[in-house]
Amino acid sequence: MKTEQLDYFRKKLEDMSQDLLKEAEKTIHDMTDSTDNYPDPTDRASAESDRSFELRIRDRERKLLSKIREAIERIDEGNYGVCEECGDDISIKRLEARPVTTLCIECKTQQENQERAKKGL
């Protein structure tokens, strides 16, 4: 992969990371500053459900942050954009859609098909 492309993806990954960290900070701020008092049990349950949903999203984003860090490490090591399964280059279109990916589309499709087959048994 060309240096310009690697620089582009590094910037994209760093921007994604910053956006996720800002959202996490906002969530922490909103939850710690919240002084909501819901006398109605239905309102309280709804608010707790919303908070639970928000925390699940943040947990998924925490996992994505880890993948972003790993992708940046792969850029530093010189193996970003190479499929860890077959060793072929991962297409730029695939990296655009999912910059943290470690598998080319063919290997990912094969992996998903195998997972579906296991669930079907």
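E14 sits in helix α1 of this predicted model. With a relative accessibility of 36%, E14 counts as partly exposed, because that class lies between the limits of 20% for buried and 50% for exposed residues. From E14 to H29 there are 15 residues in sequence, and the two C-alpha atoms are 22 Å apart in space.

D7 also belongs to helix α1. Its relative accessibility is 45%, so D7 counts as partly exposed. A step of 18 residues in sequence leads from D7 to E25, and their C-alpha atoms stand 27 Å apart.

The length of the helix can be checked with simple arithmetic. Helix α1 holds 31 residues, which at 1.5 Å a residue should span 45 Å; the end C-alpha atoms of α1 are indeed 45 Å apart, so the expected and computed spans agree.

The covered part of α1 comes next. The buried residues of this helix are F9, L13, S17, L20 and T27. What lies over the buried residues of α1 includes helix α2 and helix α3, the latter made of residues 92-97.

S17 offers a closer view of this arrangement. This residue is part of helix α1, and its relative accessibility is 15%. S17 therefore counts as buried, since the class takes in values under 20%. Which residues does S17 touch, leaving aside those up to four places away in sequence? The contacts are with L65 and I68, and both of these partners appear among the buried residues of α2.

Helix α2 can be described in the same manner. It runs over residues 41-77 and has 37 residues. How far does α2 reach from its first C-alpha to its last? The distance is 54 Å, close to the 54 Å expected at 1.5 Å a residue. Buried in α2 are A47, R58, E61, L65, I68, A71, I72, R74 and I75. The list brings together residues such as L65 and I75 with R58, E61 and R74. Helix α1, residues 3-33, is included in what covers the buried residues of α2. Cover is thus described from either side: α2 is part of what covers α1, and α1 is part of what covers α2. Just after α2 comes G78, which takes a positive phi of about 90 degrees.

A look at the whole chain puts these helices in context. The chain contains four helices and zero strands, and from the N terminus on its elements follow the order α-α-α-α. Along the principal axes, the C-alpha trace spans about 60 × 45 × 20 Å. The radius of gyration of the chain is 20 Å, whereas a compact globule of 121 residues would have a value near 14 Å.

Burial and contacts can also be summarised for the chain. Of its 121 residues, 21% are buried. Among contacts between residues at least 6 apart in sequence, 57% join residues that are at least 24 apart.

The surface and the charges complete the picture. About 9100 Å² of the chain is exposed, and carbon and sulfur atoms supply 48% of this area. How many positive and negative side chains does the chain have? There are 23 positive and 29 negative side chains, and the centres of the two sets lie 4 Å apart.

Definitions and conventions: Residues are numbered from 1 along each chain as its sequence is written. This is a predicted model: local features need pLDDT of at least 70, side-chain atom pairs count only at pLDDT 80 or more; totals for chains, interfaces and linings use all residues. Side-chain values use heavy atoms; hydrogens and water are left out. Helices (H or I, at least four residues) and strands (E, at least two) are DSSP runs, numbered from the N terminus. The radius of gyration is taken over C-alpha atoms; the globule rule is 2.2 Å times the number of residues to the power 0.38. Buried means under 20% relative accessible area, exposed over 50%, partly exposed in between (1.4 Å probe, protein chains only). Contact means heavy atoms within 4.5 Å. Accessible areas come from the Shrake-Rupley method with a 1.4 Å probe; for residues, only the protein chains shown count as cover. Lys and Arg count as positive and Asp and Glu as negative; His and the chain ends are not counted. The place of a charge is taken as NZ of Lys, CZ of Arg, CG of Asp or CD of Glu. The expected span of a helix is 1.5 Å times one less than its number of residues.
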